[in-house]
Every structure is written in structure tokens, then in C-alpha cells.
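Dear colleague,

Please find below the structure that I am handing over to you. My notes on what was found in it follow directly after.

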Amino acid sequence: MPDGQIDEPAHDPVDGRTDRRPAGELEASVLAALWAADAPLTPGSVQLELGGGLARTTVTTILTRLHAKGAVTRARSGRGYAYAPAQDSPGLTARRMHAELDKDEDRGTVLARFVSDLSPEDEQLLRTLLEGEPAGGEDSV
Amino acid sequence: MIYAVWLPLLMPFLAVPVARRGAEQLPPRAAAWALTALALVLALSSTAALGTLALAGALRLPFVARAAHLSPRLLGGGSPATVPAATLAALALTGLGALVLDRTRCHLRELRTAHRQFHSGASAGDLCVRRDDRPEAYALPGRPGRIVVTTGMLRALSAGEREVLFAHERAHLTGRHHVFLAATELAVALHPALRGLRAPLSYALERWADESAAQATGDRALTARAVGRAALAARAAGSSARPRLSLTATAGPVPRRVTALLNTPAPAARLLPGSLACLLLACVAVSATAALDAATDLHAGIEVAQGEQGHAAFGDGD
């Protein structure tokens, strides 16, 4: 069980988290927010997107660090910068990855995927579950 | 020995269905450990049994007997099945050895390829992002371990759900879940009947990571939603168009994971129902002792034959 990665929810959200969470995890969260967005984001909008768990200065620091690493690009926007994820050669790597993924069933040993495939029944059941309706104790776990 | 040696070869056929039932009743972490340990013990016992069979036959070959300084005549009559069984066992062992080597090489090559591929590119901390609209996410073990996520997956989830995803994959990496998978794959290669343990193991590992993510984010409902929405997004994007034949009409793994998260945390580890646990333990014990017993028997037989050979050496010309 990984402990100490995220502080307890009751903790003061302004600074506490940044001290407790490893820098790498914060970088991952910020980069993910940039990729999820359609347009370049300013530090303020990144902070907003992440739900206000991080201080603005922390977000700026992380963005600067990501920029230094070449993971993001930035452009002047008003008084500061707007950040966008650095694009890597898109088509090729994506195709290669899927070639790897689709190759054979043995990939399970290498890659533990987040979600497995759904059957149509699964999909229906899942929609019901997520809508907050009781699924009707047909499956017990 | 003649009968004991067959038990470890047959045991997986009995133990696998029992273990599948049993794993559902254990908390995920315990289930993962139990399934992996069971797979390894059964596989190693059956391999040892094959080795014993092959060796028993090999000792009847004159040149092997001479090399081992024993007299074949004194090994006892054995059963008429000894020689064919030994031949089959030797063939099986050779095949299994080649299979395991091949699988291992393949596995390592795949890992290396994946790492090389993700070495360059948009990464931050432990995260590797791939530009791809099809939602995919997985943990790539190694040093350092990496979380590989497509842009499609990142866009499908909210910020909070992305944290769940990362926590889940980090749990796979820090828990070294790939070692469980690899150990079980090795066991499956050694005894194909253990194949049935794959699905329950991978389910237990996913549940384990789900629980870790729920603990890290402190929100079970959010965790459930992240898992469910990721699966729906993946399906909508058609990234997993291949229908799995193995899925039954009852719920597949993802809905079961979501249900488990939405339910209140399971009551503290209730142990397996006594009868199931006893049956499983009995399987393991019988399998291991039978293999050991057969090997000891063979060894004793060899000692006798060797001792006699010492006395016989005076008059034995050839």
C-alpha cells in the first residue's frame, strides 16, 4: 500500500499538498491537465482545472520546470505565459504503440491496463451503476 | 512412487476451480498472493514430478546407469509403463524448457521495446503521454516504472478522475504487480491447466490497485466513476472492438470493480470458508509432498542400486 503520497483530505489545501506529494506526481498532474485542454493554459487556468488543490505559485514553478525539460511549450499571453504540451512526432509512435498493444494476448504480462474490454451487457450495467441506480444485487463481489 | 508421481500432474485440474471460487471471497491483496503462490507451488511440483519420471526412465538406459555407477537390474522391475511414461515426460520437459525460455525472451524484448519507445517524448515525473484519440492507460514496469496514458484517455476524464487513474497505475508499479503476473505466466507455461488462474489474478490485481487509488484520493465514488468512465470511453472510441468470447452474460470485470468500489468497503478480511481453504491447502500439500515423495523414492532406489553395484563390481566385466 503506497502511503504518504497524498496528504489526508482534512489537511489545509493551500500549501500542505505540495510538501507532501513528490514533485514527479505534481508534474504528471499538471502535464495531464495541459494535454486534456484544447488550448494553451495560463498557470491560473491550470490551477482552476486541477480543482484548486495547488497554490498558484506552485503551479507556476511546476510549469517552468516542465518547460525547462522540454515537455511543454509556452507563448506570451498578457503579462505571463500560456503553456501547451510539447508535441512529439504524433502518428508514428501512436501507431507503434497500438501495434504493440494489439500484438498478442501475452501483453497482459507486460502491461497492466487500466480498464479491460467491455461486453455490451457490461456497458449497460456500467451506465446504470454510474447513474447511481442500484444495479439490483445480481452480482456479489 | 509409481502412483504418487502422477498426483502433482493431475492436481491443477482439481485445484484451479476451487481457487477460482476461493479468490472471490478474499480481499484483493490476499487473493493475489494466494493465487500466485498456488500457481507456483502446483507448477513446480508438476515439473518436479515430470523430472522424476524422466529420470526413473533414463536410469534404465545402460549408458546412463553406467555413468551413475549403478546396476540397472537392481533398480527393480518398475511398472511396464515406466519407459513410455519416461519418454513422454522427457519430451514434455524439453518442450516446457523451450517454451519458458522463449516466453521469457519475448517478454523482456517487449518490455525493452516499450521503454525505448517511451524514452523520448512528452514525459513528466512518471507520466508518459501518447498522442492518440483512443483511450488507453497502463503501467509499464521497469526502472523507473512509467504510467503510459493516451491523450484520448486524459480528455475523457476530469481532473479528479485523472488523479484516480494515476494513483491506480502507481499502485501497480509500487506493488510490483507485474511480478505476480510474470510468476503466474511462468506457472502457466509449466502446466497449461493453470491457465484458469490468470483471470482471477488479474482481477485481484486491478481490485488491489483500485482500493489503493480509493485510499489515495479518499473518495470511493470518484474512484468508481473514474474506472467506469474510462471503460465507457474506451468502448465508445472502439479501441476494444474485439468482443471477448470468455465473457459470460454476468458482469465482466469492470462492472464488478465499480460495484465493489461503490459498496461500502468490504468488512475486514473474512477468511475463506473453512472447507474451501482446507481443500486448497490439501491440494497444495498433496501436490508438493507427492512430488517430494516420488523424488525421495527414486533417490532411495538409486542408492540401493549404487550400493549393490559396488559389491558387484568385482565380477562384472562389462
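UniProt positions are given in the numbering used here, and its annotations may be inferred rather than shown by experiment. With that understood, the UniProt record, an unreviewed entry, places the feature "domain: Peptidase M48" at residues 129-185 of chain B. Please also note that this is a predicted model.

Chain B

Chain B contains 11 helices and four strands. Of its 318 residues, 46% are buried. Among the contacts in chain B with a separation of 6 or more, 75% are between residues 24 or more positions apart.

Within the stretch annotated as Peptidase M48, the chain is 54% helix and 19% strand, and the C-alpha atoms at its two ends lie 28 Å apart. The same unreviewed UniProt entry type also carries the annotation "transmembrane region" for residues 31-59 and 80-101 of chain B. Over residues 31-59 of chain B, the model is 97% helix and 0% strand, with end C-alpha atoms 42 Å apart.

Helix H7 and the loop before it

Helix H7 of chain B covers residues 177-190. At 1.5 Å a residue, its 14 residues should span 20 Å, and the end C-alpha atoms are indeed 20 Å apart, so the expected and modelled spans agree. The buried residues of H7(B) are His177(B), His178(B), Phe180(B), Leu181(B), Thr184(B), Glu185(B), Ala187(B), Val188(B) and Leu190(B). As a reminder, an α-helix has 3.6 residues a turn, so residues three or four places apart point the same way.

Arg176(B) sits in the loop between helix H6 (159-174) and H7 of chain B. Although Arg176(B) is not a glycine, its phi is positive, at about 50 degrees. Is Arg176(B) buried or exposed? With 12 other C-beta atoms within 10 Å, Arg176(B) is exposed, because a residue with 12 or fewer such neighbours counts as exposed.

A helix pair in chain A

In chain A, helix H2 (residues 23-36) packs with helix H4 (residues 56-69) at an angle of about 85 degrees, and their axes are 10 Å apart. Angles of 65 to 115 degrees count as roughly perpendicular, and H2(A) and H4(A) are therefore roughly perpendicular to each other. On the H2(A) side, the contact is made by Leu26(A), Glu27(A), Val30(A) and Leu31(A). H4(A) contributes Val59(A), Ile62(A), Leu63(A), Arg65(A) and Leu66(A). By class, this contact of H2(A) with H4(A) has seven nonpolar residues, two charged ones and no polar ones.

Yours sincerely

Conventions:
Residues are numbered from 1 along each chain as its sequence is written. Chains are lettered from A and ligands numbered from 1 in the order in which they are written. This is a predicted model: local features need pLDDT of at least 70, side-chain atom pairs count only at pLDDT 80 or more; totals for chains, interfaces and linings use all residues. Axes are lines fitted to C-alpha atoms, for helices over the stretch in contact, and angles run from 0 to 180 degrees between N-to-C directions. Angles under 35 degrees count as roughly parallel, over 145 as roughly antiparallel, 65 to 115 as roughly perpendicular and the rest as oblique. Two residues are in contact if their C-beta atoms, placed from the backbone, lie within 7 Å. Ala, Val, Leu, Ile, Met, Phe, Trp, Tyr, Cys and Pro count as nonpolar, Asp, Glu, Lys and Arg as charged, and the others, Gly among them, as polar. The expected span of a helix is 1.5 Å times one less than its number of residues. A residue is buried if 20 or more other C-beta atoms lie within 10 Å of its own, exposed if 12 or fewer, and partly exposed in between; C-beta atoms are placed from the backbone.
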